[in-house]
Every structure is written in structure tokens, then in C-alpha cells.
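Me: I would like a close look at a single part of this model, with the surroundings added afterwards. Please start with one charged pair and build the picture outwards from there.

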Amino acid sequence: MSIKLYGYWRSSATYRLRIVLNLKDIEYEYIPVHLVKNGGEQHQQNYQSLNPTELVPTLIDDDYDLVLNQSMAIIEYLDERYPAINRLLPVDSADKVRVRALSQDIACDVQPITNLRIVQYLKNELSLPDVEQQRWLVHWIEKGLRSVEKRLRYTAGQYCFANDITMADVCLIPQVYNALRYSIDLNAFPLIKQIYHNCNKLSVFDAAKPENQIDAE
């Protein structure tokens, strides 16, 4: 297989790419990188040589001798390389930028400040107790979801943008999964809740869930 995905079962950014690879029916080799064991395998030299940011995911495309990081860039790369199945960005330029904007509301403004390295910093460097770490996570996730819910009032159908799956759905579903991990009540976000339900009825989304991965704990 020419495509290799280095990732972690509970990483939101890795989760996005699993969804995309499934949606586009792309065969790939999955290589787990455990973010906690052994001091965090993402910090080991062999992984650093692939991805100096020491984050997941990393995608390798041997056919083009490409080593890529940043899930959003990888999603667009896969969408352009495999355009025939389930395009994730509309052709119309105005619609395309709307999808990008909503996707980045999640992937740039919410997920990065609630991910593992932030939590580790709150715990190890700032010595915040667990309850304060939880408050941080819930605050920023709920704030982000409120903004997304408002935007969806103007765009949502069965999915984030009418009835076609887009990059926005790919970003939203992992973020909602995290919200549920932290016991956030989705009843406050009815459109998001329905889209999450609609997506997870599809086998490609179900197969991408963290608990269905070979490295799940």
C-alpha cells in the first residue's frame, strides 16, 4: 500500500483522516504512535525524523515520495488526489470557502487548545487539579460548539452543508466525540447532535471511531 498513516486512536486529527480515507475507499497501512506510553512515542527520534512537530497524524504517500503533516492539509491533498469519490470541498468557490471556514472553526479554534499536550501542560507545568483541567476543556469545547451551532442554522441539512458530506463533517464528528468524553450535554446543540447521529449511521464513520482501532485501549 502506498499510503501510510501514523496516528493515535484517540487523536481527533487522526480520526479526521480515518474518516476521509474510509469515505474515499483508500487502502492504507495504519501505524500506531502512542502519545502517552514510553514518554510519548511521538517524541522518539524515529518519529521526529518524519514529523518534527512531534504531533500526529503523519501521512506518507510513497507514490509521490510525500511526507505530510497537518490533518487539514492532508484532507485537501487526498480530496484532490482522489476526486472521483465523495468530494469533500465543493467546486463553487463561495461554497468551498464556507466549508473551509466552518472546518477551521473546529480544527483551528477549538481542538488545538483542548488536545493532549495542552492538558499535559495544565497538569504538569501549571499543577492544575483534575477538576480545573476539566473546566478548561468543557469551557472551550462548549464555546466552540455554540458558534458552530449558530452557523449550522444557515447551512445544515442532513449534514453540515445540506445533504452532502464535506470536510466540515469530517472535523465536526471527532470534536463531538470528544465533547461526549467530557460529558457535555448535546441537547444544547440540536443541529450538531442530529448531524453526529446521521454521520455515525454510515459504516465509514463507524469504522473510523477511536474504539474500533487496533491500538484502542
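With which residue does R81 form a salt bridge, and how far apart are the closest N and O atoms?

Reply: R81 pairs with D63, and the closest N and O atoms of this salt bridge are 3.1 Å apart (a salt bridge being a side-chain nitrogen of Lys or Arg within 4 Å of a carboxyl oxygen of Asp or Glu). The pair joins distant parts of the chain, since R81 belongs to helix α3 while D63 sits in the loop between β3 (58-61) and β4 (66-69), 18 residues away; helices (H or I, at least four residues) and strands (E, at least two) are DSSP runs numbered from the N terminus. This is a predicted model, in which local features need pLDDT of at least 70 and side-chain atom pairs count only at pLDDT 80 or more, whereas totals for chains, interfaces and linings use all residues. Residues are numbered from 1 along each chain as its sequence is written, and side-chain values use heavy atoms, with hydrogens and water left out.

The two partners differ in their accessibility class: R81 is partly exposed at 24% relative accessibility, and D63 is exposed at 51% (buried means under 20% relative accessible area, exposed over 50%, and partly exposed in between, with a 1.4 Å probe and protein chains only). The pair is also part of a wider arrangement, because D61, D63 and R81 are linked in a network of salt bridges.

Helix α3 carries another charged pair, in which the side chains of D79 and K24 meet in a salt bridge with an N to O distance of 2.9 Å. D79 lies in α3 (residues 71-81) and K24 in the loop between α1 (12-23) and β2 (29-32), so this pair ties together parts that are 55 residues apart in sequence. Here both partners are buried, D79 at 3% relative accessibility and K24 at 2%. The count of salt bridges by the rule above comes to 10.

The same helix α3 also packs against α1, at an angle of about 10° and with the axes 9 Å apart (axes are lines fitted to C-alpha atoms, for helices over the stretch in contact, and angles run from 0 to 180 degrees between N-to-C directions). The two helices are therefore roughly parallel to each other, a term for angles under 35 degrees, while those over 145 count as roughly antiparallel, 65 to 115 as roughly perpendicular and the rest as oblique. In this packing A13, R16, L17, V20 and L21 of α1 meet S71, M72, I74, I75 and L78 of α3, where contact means heavy atoms within 4.5 Å. By type, these residues divide into 8 nonpolar, 1 polar and 1 charged (Ala, Val, Leu, Ile, Met, Phe, Trp, Tyr, Cys and Pro count as nonpolar, Asp, Glu, Lys and Arg as charged, and the others, Gly among them, as polar).

Within α1, L17 is buried, with a relative accessible area of 0%. Leaving aside neighbours within four places in sequence, L17 is in contact with L5, P57, S71, I74 and I75. L17 and P210 are 193 residues apart in sequence, but their C-alpha atoms are 12 Å apart in space.

Elsewhere in the chain, helix α4 offers a setting for comparison. D95 forms a salt bridge with R98, with the closest N and O atoms 3.1 Å apart, and both residues lie in α4 (residues 93-107), 3 residues apart, about one turn of the helix. Both are partly exposed, D95 at 35% relative accessibility and R98 at 47%. Helix α4 packs with α7 (residues 167-181) at an angle of about 20°, the axes being 8 Å apart, and these two helices are therefore roughly parallel as well. Their contact is made by V99, R100, L102, S103, I106 and A107 of α4 together with M167, A168, C171, L172 and Q175 of α7, and these residues comprise 8 nonpolar, 2 polar and 1 charged. Q175 is also touched by T114, which lies in the loop between α4 and α5 (116-124) and is buried at 8% relative accessibility.
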